[in-house]
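This report describes one protein chain for a reader who has not seen it before. Please look over the sequence and the structure first.

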Amino acid sequence: MSETQPEQVGQEEETSETEPPKKKQRKTQFRFNDPRDRLLAKAVLRHDPFSALHGKTAEVWNAVARDVHEDVDGKRCRERTLHLLEERQKNNSEALRKSGTVEEYEEFEVNLDEILELKENAADRRKMQKDKEERLDREGEKLREAAVKALGKRSARSPLNAAADNDRTDDVSVVDSTDTESVLSGTASDSSGLIKSPVPVLRSTRDKTFASMWQDSSNYQGM
């Protein structure tokens with residue numbers, strides 16, 4: 001019994017000497033300051049996210065963020081940039097200049113002015129593109145309306161009406177036939193110049209055959 005007790009005491013001492021688990025260190029929150037603002041302005045000029053294609057804006061702002069610091073994302077860089085531009089438009093020098101040399105501050109102001117120009121130019125291009133698309137839509141709508149009206153007019157003419165119109169275009173003249181040759185030529189008339197018997201002007205072999213039969217019938221009746 002006395003031999004086992006020292007072993008138990010030694011185990012208890014080893015357990016008490018073990019170190020407690022280390023607490024995870026909290027990640028330091030990123031904060032913008034004057035040097036980082038100046039770095040941000042240079043990165044924005046380098047990548048020009050305001051001119052990014054549709055659907056690529058977030059990607060370009062993330063590229064800006066990588067040039068600024070590893071602990072900042074594109075969204076925060078965009079928000080900070082817009083804030084700096086707003087202060088620049090207000091000509092709020094105190095809000096923009098908190099530290100740094102005169103040369104650094106002057107360069108920072110120039111960079112902000114160039115960024116503001118990039119932003120305004122991009123907005124103008126988007127407006128021009130939107131106006132162009134709206135104009136094309138209006139012109140296309142007018143062309144569609146004109147096409148629908150033209151189709152409606154053509155559809156209003158039924159096949160029977162179309163056939164009647166074609167018949168009316170065939171000018172049928174009537175003449176007085178005294179012989180086969182006058183009937184065939186369509187110039188037969190009496191001495192007064194009046195048409196005696198209505199006979200269609202012949203335009204086909206079938207009509208000529210009918211005229212010949214009609215002439216024979218007339219001669220028979222005259223006998």
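The text below goes from the overall layout to the core, then to a helix pair and to the salt bridges.

## Overall layout

The model is predicted. Its chain has nine helices and two strands. In sequence order these elements follow the pattern α-α-α-α-α-α-α-β-α-β-α. The chain has 223 residues, and buried residues make up 22% of them. Among contacts between residues at least 6 apart in sequence, 55% join residues at least 24 apart.

## The nonpolar core

Which residues have the most contacts inside the largest nonpolar core? They are Leu40, Val64, Val68 and Cys77, in a core of 22 residues. The elements that give two or more residues to this core are H2, helix H3 (57–68), H4 and H6. Helix H6 gives six residues, the largest share.

Cysteine 77 is located in helix H4. With a relative accessible area of 0%, cysteine 77 is buried, because a residue counts as buried when this value is under 20%. Leaving out residues up to four places away in sequence, cysteine 77 touches Phe32, Leu40, Trp61, Val64, Ala65, Val68 and Val72. One of these residues, Trp61, can also be placed by its backbone: the C-alpha atoms of cysteine 77 and tryptophan 61 are separated by 7.0 Å, and the two residues are 16 apart along the chain.

Leucine 40 also has contacts with residues elsewhere in the sequence. Beyond its neighbours within four places, leucine 40 is in contact with Phe32, Val64, Val68, Cys77, Arg80, Thr81 and Leu84.

## Helices H2 and H4

Two packed helices are described by the angle between their axes and the distance between the axes. Helix H2 covers residues 34–47 and helix H4 covers residues 74–89; they pack at an angle of about 100 degrees, with their axes 11 Å apart. That angle makes H2 roughly perpendicular to H4. On the H2 side the contact is made by Asp37, Leu40 and Val44, and on the H4 side by Cys77, Arg80, Thr81 and Leu84. Sorted by class, this contact has four nonpolar, one polar and two charged residues.

Threonine 81 is one of the H4 residues in this contact. Is threonine 81 buried or exposed? At 4% relative accessibility, threonine 81 counts as buried. Not counting residues up to four places away in sequence, threonine 81 touches Leu40, Val44, Phe50, Trp61 and Ile115.

## Salt bridges

Side chains of opposite charge can pair when their charged atoms come close. How many salt bridges does the count come to? The count comes to 11 salt bridges. Three of the pairs are listed here with their distances.

| Salt bridge | N to O distance |
|---|---|
| Aspartate 113 and arginine 88 | 2.8 Å |
| Arginine 135 and glutamate 139 | 3.5 Å |
| Arginine 144 and glutamate 141 | 2.7 Å |

The salt bridge between aspartate 113 and arginine 88 has an N to O distance of 2.8 Å. Aspartate 113 lies in helix H6 (residues 102–156) and arginine 88 in helix H4, so this pair ties together parts that are 25 residues apart in sequence. Aspartate 113 is partly exposed at 34% relative accessibility, whereas arginine 88 is buried, with a relative accessible area of 18%. Arg88 and Asp113 also belong to a network of salt bridges that includes Glu109.

Where do arginine 135 and glutamate 139 lie? They are in helix H6, four residues apart, so about one helical turn separates them. Arginine 135 counts as partly exposed at 37% relative accessibility. Its partner glutamate 139 is partly exposed as well, with a relative accessible area of 39%.

Arginine 144 and glutamate 141 also both lie in helix H6, where they are three residues apart, about one turn of the helix. Glutamate 141 is partly exposed, with a relative accessible area of 36%.

## Summary

Helix H6 gives the largest share of the largest nonpolar core, and it holds both residues of the arginine 144 and glutamate 141 pair. Helix H4 packs against H2 at an angle of about 100 degrees. Helix H4 also holds arginine 88, which pairs with aspartate 113 of H6.

Methods: Residues are numbered from 1 along each chain as its sequence is written. This is a predicted model: local features need pLDDT of at least 70, side-chain atom pairs count only at pLDDT 80 or more; totals for chains, interfaces and linings use all residues. Side-chain values use heavy atoms; hydrogens and water are left out. Axes are lines fitted to C-alpha atoms, for helices over the stretch in contact, and angles run from 0 to 180 degrees between N-to-C directions. Angles under 35 degrees count as roughly parallel, over 145 as roughly antiparallel, 65 to 115 as roughly perpendicular and the rest as oblique. Contact means heavy atoms within 4.5 Å. Ala, Val, Leu, Ile, Met, Phe, Trp, Tyr, Cys and Pro count as nonpolar, Asp, Glu, Lys and Arg as charged, and the others, Gly among them, as polar. A salt bridge is a side-chain nitrogen of Lys or Arg within 4 Å of a carboxyl oxygen of Asp or Glu. Buried means under 20% relative accessible area, exposed over 50%, partly exposed in between (1.4 Å probe, protein chains only). A nonpolar core is a set of buried Ala, Val, Leu, Ile, Met, Phe, Trp, Tyr and Cys residues joined through side-chain atoms within 4.5 Å.
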